[in-house]
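Ready to practise reading a protein model? Work through the exercises below with the sequence and the 3D view side by side, and try each task before you look at its solution.

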Amino acid sequence: MAENRGMAGVDGVSIRRWRRNAEERLHNLAQQVLSGNYKPAKLRRRLIPKKKRGEWRVLRIPTVTDRVLQRAVLQVLYPIFEPRFMDCSFGYRPGRGLRDAVQRILLLRANGYEHILDADIDDFFNQVDHELLISFLHDDLPDRSLMNLIRSWLKVARVSPEEARGIPMGSPLSPLLANVFLHRLDIRVIDFGYLMVRYADDFLVFAESRPKIEQAYNDVERVLDELSLRYEPDKTRLTTFEDGVVFVGVWFDENDYGYVWRDKRIQVRGDEVDWLFGQYGPDYDG
């Protein structure tokens, strides 16, 4: 729960306050779940400024009690889903991260995959279709006992009451649910024969020629449509390493790559991942 810095939900109870009688709270929570009387609270909405001036990230934060229960469910789900995820996926996964994604991009660049589909999904977290997500969970979960809990969290996470859509940024379970949903994108793109690097909802598709990457654009667009998603047209483009590409705050060109660290632009020549990046990573606020 560190991502919320102990922030309280709509009930006003912070982590520090919750811990004062944690044993009693955990007992009551367990009883509510076992009796079927558990109901999640509404989400607290908070705006966080991005580094880009005038842009905001919208967090929708569960109460501490709901976050504790989601963390417990997460511990059950991770071992089930993690082995299923594709090698092209690097975000929100234990033992993987942006440094590994950068290494993969450098390897593809070195092997002549010059042409790139730099894709952005339009408003991904707010557009996740609940029925599709639930069907994907049903496909992979051997035990359906957690589905009622997950459905209850999805219900309070709806962006609007009329539409069964949306997973909240700020919820402990959302990163895994995002990967469960986008795992279907990974499968289809790889089945088409393309090479791909995905970090959460940001992804690049690679090809050796312009016609091939143009075909990739159309093929991926069809897959997104099947998932009730679409490109963000102003942020999706076909490019090359010669023209440059930026991925999760890291820029690449023909020979180098770089990122910003402590307001300084760090440039790295060649295909090596430098020590500083491995230790600290870029300052990213996507």
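**Exercise 1. A pocket and its lining**

Task: In this predicted model, find which residues lie nearest the centre of the second largest pocket, and work out which elements contribute to its lining.

Solution:
- Step 1. Begin at the centre: of the 14 lining residues, Tyr-38, Lys-39, Pro-40, Asn-148 and Ser-152 lie nearest to it.
- Step 2. Next, look for elements that supply two or more residues to this lining; these are helix H2 (22-35) and helix H7 (147-156). The largest share comes from H7, with five residues.
- Step 3. Sort the lining by character: six residues are nonpolar, five are polar and three are charged.
- Step 4. Finish with the volume of the second largest pocket, which is about 310 Å³.

**Exercise 2. Following helix H3**

Task: Compare the expected span of H3 with the distance between its end C-alpha atoms, then find where H3 bends.

Solution:
- Step 1. Count the residues of H3: there are 18.
- Step 2. The expected span is 1.5 Å times one less than the number of residues, so for H3 it comes to 26 Å.
- Step 3. Check this against the model: the end C-alpha atoms of H3 are 25 Å apart, which agrees.
- Step 4. Now look for the bend. H3 bends by about 30° at Gln-75, and Pro-79 follows within four residues.
- Step 5. Finally, pick out buried residues of H3, among them Val-73, Leu-74, Leu-77 and Phe-81. Residues three or four places apart in an α-helix point the same way, because there are 3.6 residues a turn.

**Exercise 3. A hairpin**

Task: Describe how strands E4 and E5 pair, and name the bridge partner of Arg-198 in E5.

Solution:
- Step 1. Locate E4 at residues 195-199 and E5 at residues 202-207.
- Step 2. Note the direction: the two strands pair in the antiparallel sense, over five bridges.
- Step 3. Follow one of the bridges across from Arg-198, and you arrive at Phe-203.
- Step 4. Look at the turn: two residues separate E4 and E5 in this hairpin.

**Exercise 4. Two positive phi angles**

Task: Ala-200 and Tyr-92 both have a positive phi. Is each one buried, partly exposed or exposed?

Solution:
- Step 1. Place them: Ala-200 sits in the loop between E4 and E5, while Tyr-92 is in the loop between helix H3 (64-81) and helix H4 (98-110).
- Step 2. Read the angles: phi is near 60° for Ala-200 and about 60° for Tyr-92. Neither Ala-200 nor Tyr-92 is a glycine.
- Step 3. Apply the cut-offs: buried means under 20% relative accessible area, and exposed means over 50%.
- Step 4. Ala-200 has 5% relative accessibility, so Ala-200 is buried. Tyr-92 has a relative accessible area of 30%, so Tyr-92 is partly exposed.

Definitions and conventions. Residues numbered from 1 in each chain as written. Predicted model: local features only at pLDDT ≥ 70, side-chain atom pairs only at ≥ 80, totals over all residues. Heavy atoms only, no water. Pairing = 2+ DSSP bridges. 1 Å grid on protein atoms, 1.4 Å probe; cavity = no way out; pocket = protein on both sides within 12 Å on 5 of 7 lines; lining within 4 Å. Points joined across faces, edges and corners; volume = space filled by probe spheres on them. Nonpolar A, V, L, I, M, F, W, Y, C, P; charged D, E, K, R; others polar. Buried < 20%, exposed > 50% of the residue type's maximum accessible area, 1.4 Å probe, protein only. Bend = angle between axes of the 7 residues up to and from the residue.
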